[in-house]
Structures are given as C-alpha cells and as structure tokens.
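Q: Hi! Could you walk me through this protein model in simple terms?

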Amino acid sequence: MSKKALYLLGIAITIILGTFLYVNFCCNCTMKTPAVDTEKVPVAVAQDAIFVPFILNGSGIDYHTNDNIKFLKNSFAVVLPVSDSVSIGVENLKTFLIANPKQKVTITGYATSDEKNTTTYENLGLARANDIKKFFVSKGLSASQFETKGTIIDKWKTSSDTLLGPAEYTFEVLEAAPAVTDEWVILKDKINGDPLILHFSTNKSSNNLSDAEKQKVADLVKYMEHVKEAVILAVGHSDNVGNRDSNVALGQKRAEFSKNYLSKKGIDGSRITTESKGPDEPIGENTTPEGKADNRRTVITIK
C-alpha cells in the first residue's frame, strides 16, 4: 500500500475513534441530570401514637408507662392480662403502700356518655374504678388504702372498641385521728371505769352530791357535748326490803330521778335511757344497814 493510502487510512481511523470517544464520554460531561420531582416522591409520615399513660405519682412514688389498663366499650371489667409494664407499676405501688400504711389512693374511673351502664353501680366509671381496686387487691394490695369515684365524660381515647386507661390515681396521706378523739375515748373509759353512782335513802332520792360525784357529772356533760351520738344509761337498783315488784318500780323511779337530774345539768333527756334491776343485782349484803344502803343506787354509764 502506498504512503498516501496509509496516510488517508490513519486520518479516517482517527476521526472514527475521536467521534466514538466524544459520544461516549465527553457528551455525558455536558449533559445535565434532570431534576427529580420531589413533590411526586411518596414520603412516609409518622402518625401520632395512640396511648394514655399509666401514671402513679405521689409523694414517694413516680411511675409512668405508655401502656395502661384497658376496658372494652360498655364493659366494667379490666381487660386481662395487663401488660408487663403495668404489672411492674402495680408491684411498685404495692411496695410503696406497704411501706406507707397511712397513704390512701383514690381511683377515679371514667366512662363516656354514650356507654351503657349495666352494673349495679350508679355509673360505669365507678364500676370500672371498683374493678381496678379489685384487681389491685388480687395482687396483694390492701383494700383499706383505696377509695373509688366515678365520672362520666364526653369522650376518651380509644383503639377500635377498647378504652385506653380510663382512670386516674390520686395520692394523699390518711390524716391521723385527731388528738381530741383520743381524749374522748379516754374520758369514756374514765366514766365507765368509775361510774357515777347516786345513792338513795329508803324510798327516797336525793341530789346532795359529794365533790367527787359532782366532778363525774361534769365529765358526763362534757362528753355528751362533744360526742353527739353517745347515749347515757341509768340503771336503778334497790335493796330487798319489800316485794320484788315494788322494788323494781322503785329502782325505775331512781333511774328516772337520775335522768331528770342530768337533764337539768344540760344533757338532752332523749339521750338518756333508763331501766331498773330492782333487788336483783346487789353489791352489798342485804343483811346489814350498810349493805342495804349500797344497794339503793343508780349506776350511770355511757352506752
């Protein structure tokens, strides 16, 4: 082949190779990548989780979990079994209440206005509160540390036909019995331990009292003024002189005399009951004047 032909062939090969390289490489360098239409790309959107937290929050206890005790619509019964996180909360509550016996928890149960109450409780919320209490007691908690209430509301968070945790728990310390209560218990024990005994002469009654007896009357008046449900019992007695029926009647008169005497001291007569034992319960010998005098009496105590 001549030099001229070789020269033309080289030129042709160069043009072909150059075109090939340009098309496959350099063209891609100048082409722009089309923009992605982001509005058409589907984006996963997280939906809000549906839950009502189980909260036990008081002085000395703070437990939260997003799970809760559940109830089916129109039902008062706790859905069992409860979740592990709720069970842990109940165990924490048990430990807390055992360590704090003066703590009280009020369970307020809720029901929606469109639910039907088929229980004997006044509303479905109260029935639910009592079933939660029953569930707690079944886990070893003390029933005496719980009170229950029920409230009807317009709506509550639900999942399908299940209400999520329609209850709240309020903690408070049981108030210690006021010191005044102990005072009245002590006073009652004092009155009944050494009761007022009014003595009478034969067939007679008298209101001539000693200083000690007057103090006992004052104690009775004080007690009755502060303990409004208290009732006094006045029991009349006699010696055995004469027939029994007469002595029973005499004992009754002595009891009535004592009632009238206390009424004059400010005690409501309707709060004083009377009865007679006649000669049946002597405390002294009826064979001696001293013994008979001891038997002619009225004994006054707090019922």
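A: Sure, here is a short tour of its sheets and helices.

A: This is a predicted model, in which local features need pLDDT of at least 70, side-chain atom pairs count only at pLDDT 80 or more, and totals for chains, interfaces and linings use all residues. Residues are numbered from 1 along each chain as its sequence is written, and side-chain values use heavy atoms, with hydrogens and water left out.

Q: Okay! What is the order of the strands in the open sheet with mixed pairing?
A: The order is E5-E4-E8, so to speak. Helices (H or I, at least four residues) and strands (E, at least two) are DSSP runs, numbered from the N terminus, and two strands pair if DSSP finds at least two bridges between them. The edge strands are E5 (146–153) and E8 (167–173), each pairing on one side only. On average, neighbouring strands here are turned by 20° against each other, direction ignored.

Q: How does E4 run against E5, parallel or antiparallel?
A: Parallel: E4 (residues 103–112) is joined to E5 by eight bridges. Gly-109 has Gly-150 in E5 as its bridge partner, and Thr-108 stands opposite Lys-149 in E5.

Q: And E4 with E8, parallel or antiparallel?
A: Those two run antiparallel, with seven bridges between them. Val-105 stands opposite Phe-171 in E8.

Q: What holds paired strands together in general?
A: Strands of a sheet pair through backbone hydrogen bonds, either parallel or antiparallel.

Q: Is E4 buried or exposed?
A: Ten of the ten residues of E4 are buried, so the strand is largely enclosed by the rest of the structure. Buried means under 20% relative accessible area, exposed over 50%, and partly exposed in between (1.4 Å probe, protein chains only).

Q: Which way do the residues of E4 point?
A: Gln-103, Val-105, Ile-107, Gly-109 and Ala-111 point one way, while Lys-104, Thr-106, Thr-108, Tyr-110 and Thr-112 point the other way. In a regular strand the side chains alternate between the two faces of the sheet.

Q: Now helices. Where does H2 lie?
A: H2 (residues 84–99) lies across E4, E5 and E8, running at about 145° to E4. Axes are lines fitted to C-alpha atoms, for helices over the stretch in contact, and angles run from 0 to 180 degrees between N-to-C directions. H3 (residues 124–138) also packs on the sheet, touching E4, E5 and E8, and its direction makes about 145° with that of E5. Contact means heavy atoms within 4.5 Å.

Q: Which residues of H2 are buried?
A: Val-86, Gly-89, Val-90, Leu-93, Phe-96 and Leu-97 are. Seen down the axis of H2, these buried residues fall within an arc of 125°, so they line one face of the helix. The arc is that of the directions from the helix axis to the C-beta atoms. On the other side of H2, Asp-84, Thr-95, Ile-98 and Ala-99 are exposed.

Q: What covers the buried residues of H2?
A: The cover includes E1 (54–58), E2 (61–65), E4, H3, E5 and E8.

Q: What kind of unit do E4, H3 and E5 make?
A: They make a right-handed β-α-β unit. A crossover is right-handed if, with the strands pointing away from the viewer, the path from the first strand over the helix to the second runs clockwise.

Q: There's a loop between H3 and E5. Is Gln-145 there buried or exposed?
A: Gln-145 lies in that loop and, at 8% relative accessibility, counts as buried. Leaving aside neighbours within four places in sequence, the residues in contact with Gln-145 include Leu-97, Asn-100 and Pro-101.

Q: Switching topic: what do E10, H6 and E11 make?
A: Another β-α-β unit, described as right-handed, is built from E10, H6 (residues 244–264) and E11. E10 (residues 232–237) and E11 (residues 272–278) pair in the parallel sense over six bridges, and Val-235 has Glu-275 in E11 as its bridge partner.

Q: Which residues of H6 are buried?
A: They are Asn-247, Leu-250, Gly-251, Arg-254, Ala-255, Ser-258, Tyr-261 and Leu-262. These cover an arc of only 140° around the axis, which puts them on the same side of H6. The face turned away from that buried side carries the exposed residues Asp-245, Lys-253 and Lys-264.
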